[in-house]
Amino acid sequence: MKLVGRLITACLIGLGTFLAPVQAESYDLVISGGRVIDPETGLDAVRNVGIKDGKIKAVSEAALEGTRTLDAAGRIVSPGFIDMHAHGQDILSARMQALDGVTTGLELEAGILPIADYYDRLEKEGRPINYGASVNWASARIATFFEAKPRSDLSWFLEAFRRTDWQKEVATPAQMKEIMAYVQEGLDQGGLGVGILIGYAPGTGYKEFFEVNKLAAKNGMPTFTHARYLSMLEPKSSFEGMAEVVAAAAGTGAHTHIVHLNSMSLRDIEIIGPMIKNAQEQGLRVTTEAYPYGAGSTGIGAAMFRGDRWRERVGGVNASSFDVGGKRLSEDELKYYQTEKPETQTVIHFLELDDPKDRALLDQSVLFPGGVIASDGGDWLVDGQPVPQATWPVPENAWSHPRSAGTYSKFIKEYVRDQKVTSLMDAITRVSYGPAKILQDAVPQMKSKGRIQVGADADVVVFDLNKVADKATYAKPAQASEGFDYVIVNGVVLVDGGELDTSVMPGKAVRNQVR
């Protein structure tokens, strides 16, 4: 009887164990009931997202349990936005971008030099969003011509505009060797490709441009080019500058990326666009980006604003096309700034968007097939001086191009919600998965970004499509976007209920795998 009793007891214990509910996995964070958009797989459905240890661990129709649950009902759950053209690399600029849905801000057009200094400094200071940079070819050129060590700060670069030799002269063989050595060193230190600001140094030899692309191709890295010319007139037209980038892709095998297709094309996008499209169809690795504004921003002393017929070259602009500190300039003011303060940052209105023809031209660049959105945003200034990066919020009188605050909300609001000229899926592709896909062959880290999938980095944006809106204007740019309820970076809630949490710095470096 004792033996039978023991057997019965053992069976009951076993049966109890079998019938006991399976312990559900618990997550650090759950995003519940939102409309999840994943461009790579085409997912567009209500799902629950589980996040743990900085990674997405579940995308499920079933309910999930977490330490904290965010109610995303009625909201869009998107991969975090990836800005490939973020000049503002300080903490303040990154915080403003976070409020516009950006979780990764990369300085690729200009780049940085020395690369190691940049990554060391940002890691030490911490950043709210992910960061990274290409190698700055222009700084390599400046350092070579000036016989000085490069510095990884914008002021050093802008001061170089007081001299024009590096912008106008062809490098000697010895100088070429030194420039290429700087570039290679930057790639060896983790640079995300090579930023080629040849538009700021249009006198550079064509062979040098070709050799830089050849070096990048040898390293398996892309180039990011601000094309050589900004002109409606030939020779030395924007079309010619874009054609040079396409030719470099064909002749070297490099992946060439054309920055701000909108502003570089001026009013010639109708012939430049088809040229690029045909090159892509022939198998060339040429990619593009644009921002949804009719105005660009640069130093007022840039080479493109000098020389014979420069106004006609850039599309018939005049002094009132230039904006400094939110004020359109007079002819006397333009002359003063170009002569006495050439480093002054200005907004230049290439297109006037109250003109339907100019608006249609912008739309062609912004919606170029396969293109992505990138801000070209910069730092915040008061009286021409950078606002200390620990400042928050941005002072009301701070100046920058409004794209520094509102690029992504403006694009979604205008092109998806208001004009309905593209789908939400296409828009999310252009701001998240598209940039990741452009970069991922050279930068494997990007294979984990731009996606809402198990195993992806937990960079996620939750926003209300009916409320998302840019607030920044040319006159008052220091206004953060609205409608982004939650912005999550590496599993950490950075924007919480629409409010920025300044106590966290979850951003991580994005680097190439040093070869």
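This passage describes a bent helix, a buried asparagine and several aromatic pairs in a predicted model. Residues are numbered from 1 along each chain as its sequence is written, and side-chain values use heavy atoms, with hydrogens and water left out. Local features need pLDDT of at least 70 and side-chain atom pairs count only at pLDDT 80 or more, whereas totals for chains, interfaces and linings use all residues.

Helix H15 (residues 403-418; helices are DSSP runs, H or I, of at least four residues, and strands, E, of at least two, numbered from the N terminus) has end C-alpha atoms only 19 Å apart, short of the 22 Å that a straight helix of its 16 residues would reach at 1.5 Å a residue. H15 bends by about 35 degrees at Ser-409, the bend being the angle between axes fitted to the seven residues ending there and the seven starting there. Of the 16 residues in H15, 14 are buried (under 20% relative accessible area, with exposed over 50% and partly exposed in between, for a 1.4 Å probe and protein chains only).

Asn-512, in the segment after strand E23 (499-500), counts as buried because its relative accessibility is 5%. A polar atom of the Asn-512 side chain lies 3.2 Å from the backbone oxygen of Leu-187.

The structure holds 18 aromatic pairs (rings of Phe, Tyr and Trp, the last by its six-membered ring, with centres within 6.5 Å; planes under 30 degrees apart are stacked, over 60 edge-to-face and the rest tilted). Among them, Phe-81 and Phe-484 are edge-to-face, at 6.0 Å centre to centre and 80 degrees between the planes, and this pair links strands E6 and E21 across 403 residues. Ring pairs join Phe-81 and Phe-484 with Tyr-408 and Phe-463 in a cluster.

Terms used: The expected span of a helix is 1.5 Å times one less than its number of residues. A polar contact is a pair of N or O atoms within 3.5 Å; within protein, one must be able to donate a hydrogen and the other to accept it, and residues adjacent in sequence count only if both atoms are side-chain atoms.
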